[in-house]
Amino acid sequence: MAERPPPGAAVQQPATSQPGGQPRRQSMVLGGLLVVVGASLLVGQFVRVDIGHYGWPFFVIAPGVVILLVGLTARGAVSEGLAILGSIITVSGLILLYQNSTDHFESWAYAWSLVFPGAIGVGMILYGLRAGRPGNVRTGTRLAGAGLVISLLGAAFFEGVIGIGGYQFDRTAGVAVGALIIVLGALLLIMNLISGGRQSR
């Protein structure tokens, strides 16, 4: 006869292995991405689109999106790094898509700031929202904003002043853009001075 445990004693249940939800979710993301890429290739064959010439940046964008999604769905110390890496690759692919479509590769003179620090900031924002870390969101917002501002200033200088894309500002537009940049810079300096004075008190 089997002995019964005394009253109040904890009864140990046999350990059951729970199926991991993370690998399943990641495989679903990868499967969906493969379906999209395969469908794009099939459509390209029927409508006679030169995917090799116009669509090659998607071979940069697709791995970046996969790495980004894995970083946002995974857990552990490497998840934030994967999210940032995926964001960098994805943004680089999107810039290459624009440049390849317009044949305007000279824009790398200022578009690099959308990758560093812009894409780093985007990755931190997405990870911070996913993991519930407002500090990451704040830091990422500052980095993404800095990348966007640097890119806009670079575009104004390289495109409007130097004319690397074949277009230059006339005198009126140049004066207006220059004055706007000075005003923005002055506002930033004033805001930094005010915030620095408050912190020193």
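**Exercise 1. Is Leu94 buried, exposed or partly exposed, and where is it found?**

Step 1. Locate the residue: Leu94 is found in helix 4. Helices here are DSSP runs of H or I with at least four residues, numbered from the N terminus.

Step 2. Recall the classes: buried means under 20% relative accessible area, exposed over 50%, and partly exposed in between (1.4 Å probe, protein chains only).

Step 3. Leu94 has 45% relative accessibility, so Leu94 counts as partly exposed.

Step 4. Look for a distant partner in sequence: Pro57 is 37 residues from Leu94, yet their C-alpha atoms are 7.2 Å apart.

Before going on, note that this is a predicted model, where local features need pLDDT of at least 70, side-chain atom pairs count only at pLDDT 80 or more, and totals for chains, interfaces and linings use all residues. Residues are numbered from 1 along each chain as its sequence is written, and side-chain values use heavy atoms, with hydrogens and water left out.

**Exercise 2. Work out why the span of helix 5 agrees with its number of residues.**

Step 1. The expected span is 1.5 Å times one less than the number of residues.

Step 2. Helix 5 covers residues 108–131, which is 24 residues, so 34 Å is expected.

Step 3. The end C-alpha atoms of helix 5 are 33 Å apart, in agreement with that value.

Step 4. Now follow the helix along: a cis peptide bond joins Phe116 and Pro117, with omega about 15°, and Pro117 lies in helix 5. At Gly118, helix 5 bends by about 45°; the bend is the angle between axes fitted to the seven residues ending there and the seven starting there.

**Exercise 3. Describe Asp103, in the loop between helix 4 and helix 5.**

Step 1. Asp103 comes just after helix 4.

Step 2. Its phi is near 55°, a positive value in a residue other than glycine.

Step 3. Asp103 counts as exposed because its relative accessibility is 59%.

**Exercise 4. Which residues make up the largest nonpolar core?**

Step 1. A nonpolar core is a set of buried Ala, Val, Leu, Ile, Met, Phe, Trp, Tyr and Cys residues joined through side-chain atoms within 4.5 Å.

Step 2. Here the largest one has 8 residues: Ile84, Ile88, Val91, Ile95, Ala111, Val115, Ala119 and Met124.

Step 3. Helix 4 and helix 5 are the elements that give two or more residues to this core.

Step 4. Take one member: leaving out residues up to four places away in sequence, Ala119 touches Ser87, Ile88, Val91 and Leu114 (contact means heavy atoms within 4.5 Å).
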